[in-house]
Amino acid sequence: MALSTVTYSPAQRGIVISIPTLVLSVLIAAIMLFFLLSSLSTCSCPSSLQSFNDNNNGGDGLGEVDGKERISATKEDIEWIKDQIQANGLHMQDNVLRKGINPRTRAQQLQDLIQFKGISHYEGPELDNHTALPCPGELLVEEHHSNYGEPWAGGRDVFEFLAESSHLSPNSRVLEIGCGTLRVGSHFIRYLTPEHYHCLERDELSLMAAFRYELPSQGLLHKRPLIVRGEDMDFSKFGSRVVYDLIYASAVFLHMPDKLVWVGLERLVSKLKPYDGRIFVSHNIKFCSRLGGEECTKRLTSLGLEYLGKHTHDSLLFNHYEIWFEFRRSKA
């Protein structure tokens with residue numbers, strides 16, 4: 001079969017010739033667009049900002065774990081700090097005062113503050129100095145850190161256990177019953193969104209330490225925690241609409257009459273998020289066990305609470321463990 005020859009007019013030949021040229025132009029434009037988009041996706045910002053972006057957008061930054069902010073130390077963290085101690089040739093020595101500018105015990109520091117006010121200070125009336133928030137010497141030398149019968153560092157242990165057990169996020173809301181001098185509370189305040197930490201505390205001296213030293217010295221004033229002086233489990237000042245993801249009492253119910261504890265639980269049920277919210281009570285729940293197992297369960301059920309179990313949590317820094325009892329709201 002013979003192939004026929006097709007003859008194009010000059011106009012038609014122009015059209016045929018322009019088609020390959022058009023395809024080539026489109027291809028070149030697509031390649032240029034590809035490289036342009038690739039360059040935009042690569043951050044040319046300073047390394048510190050790039051690191052921040054990595055940490056907050058699924059990168060390999062140390063501050064990011066499975067898309068959530070890390071709370072407690074990992075095994076890798078512990079090994080890292082041990083390696084740093086060994087690499088620097090550090091060894092524990094006798095606990096004696098080291099040489100320094102002016103080494104002092106807490107008692108000596110306090111006496112210095114009372115007598116000399118500090119190495120450099122303004123003379124004359126208090127109104128003439130430049131101290132924005134004058135703080136008592138007893139707080140400046142942190143005497144209140146010794147009020148708990150165990151190291152101050154234990155507050156971090158409690159925070160880590162409660163935050164992880166309750167699956168908290170920075171947007172969660174927390175109520176502490178008896179926050180004292182913020183040994184635990186300061187960690188929650190730092191972690192949570194401003195105004196999301198609430199506390200009911202009855203002791204005036206503890207509140208003075210919290211307001212006049214811990215919050216300002218730790219840079220937490222901008223977090224605006226709602227800390228209320230009160231007793232008898234009166235939560236009215238926190239508002240009627242707030243709902244908490246976590247409510248906890250550390251060594252507080254031990255010092256209350258059983259009847260008052262039950263009154264408090266009755267008032268707290270409506271303030272706890274149904275099902276997912278948690279109440280944690282430390283040390284023991286004798287207010288419940290003294291009723292007997294069956295009666296205790298019945299009493300809790302009537303309030304809309306369910307007992308979930310007992311937990312222990314080891315300290316990171318010293319030979320100690322905490323005992324906690326977990327409850328949840330079982331009705332919407």
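The link between Cys-179 and Cys-199 is left-handed, with -90° about the S-S bond. This geometry comes from a predicted model. The two sulfur atoms lie 2.0 Å apart. Cys-179 sits in the loop between strand E3 and helix H7 (185–191), and Cys-199 belongs to strand E4 (residues 197–201), so the disulfide ties together parts that are 20 residues apart in sequence. Cys-179 has 4% relative accessibility and counts as buried. Cys-199, at 0%, is buried as well.

The structure holds 2 disulfides. Cys-288 and Cys-296 form another link, with their sulfur atoms 1.4 Å apart. Both of these cysteines are buried.

Nonpolar packing was examined next. In soluble globular proteins, nonpolar side chains tend to be buried together. Here the largest nonpolar core has 30 residues. Those that touch the most other members are Ile-177, Phe-235, Phe-238, Ile-247, Phe-253, Ile-279 and Phe-287. Seven elements are listed as each supplying at least two residues of this core. The strands among them are E3 (174–177), E6 (246–249), E7 (278–282) and E9 (321–329). The helices are H9 (258–268), H10 (286–289) and H11 (293–303). Helix H9 gives the most, with 4 residues.

Ile-279 illustrates the packing. Neighbours within four places in sequence are left aside here. Ile-279 is then in contact with Ile-247, Leu-265, Leu-272 and Leu-305. Its contacts also include Phe-325, Glu-326 and Phe-327. A second, separate core comprises 26 residues. Phe-161, Ala-163, Tyr-197 and Ile-227 are among its members.

Aromatic contacts were then considered. A pair of aromatic rings is described by the distance of the centres and the angle of the planes. The structure holds 10 aromatic pairs. One of them joins Phe-161 and Phe-280. Their ring centres are 5.6 Å apart, and the planes meet at 80°, an edge-to-face arrangement. This pair links distant parts of the chain. Phe-161 lies in helix H6 (residues 154–165) and Phe-280 in strand E7, 119 residues apart. Phe-161 is buried, with a relative accessible area of 8%. Phe-280 is buried at 0% relative accessibility.

The rings of Phe-253 and Phe-287 have centres 5.8 Å apart and planes at 90°, so this pair is also edge-to-face. It too links distant parts of the chain, 34 residues apart. Phe-253 is in the loop between E6 and H9, while Phe-287 is in helix H10. Phe-253 counts as buried at 8% relative accessibility, and Phe-287 counts as buried at 4%. Both phenylalanines are listed among the residues that touch the most other members of the largest core.

A further grouping involves four rings. Phe-159, Phe-188, Tyr-191 and Tyr-248 form one aromatic cluster.

Charged side chains also lie over aromatic rings. Arg-183 is placed over the face of Tyr-148, 5.1 Å from the ring centre. The charged end of Arg-299 sits over the ring of Trp-262, at 4.6 Å from its centre.

Key. Residues numbered from 1 in each chain as written. Predicted model: local features only at pLDDT ≥ 70, side-chain atom pairs only at ≥ 80, totals over all residues. Heavy atoms only, no water. Core = buried A, V, L, I, M, F, W, Y, C linked by side-chain atoms within 4.5 Å. Buried < 20%, exposed > 50% of the residue type's maximum accessible area, 1.4 Å probe, protein only. Contact = heavy atoms within 4.5 Å. Disulfide = S-S within 2.5 Å. Phe/Tyr/Trp six-rings, centres within 6.5 Å; stacked < 30°, edge-to-face > 60°. Lys NZ or Arg CZ within 6 Å of the ring centre and 35° of its normal.
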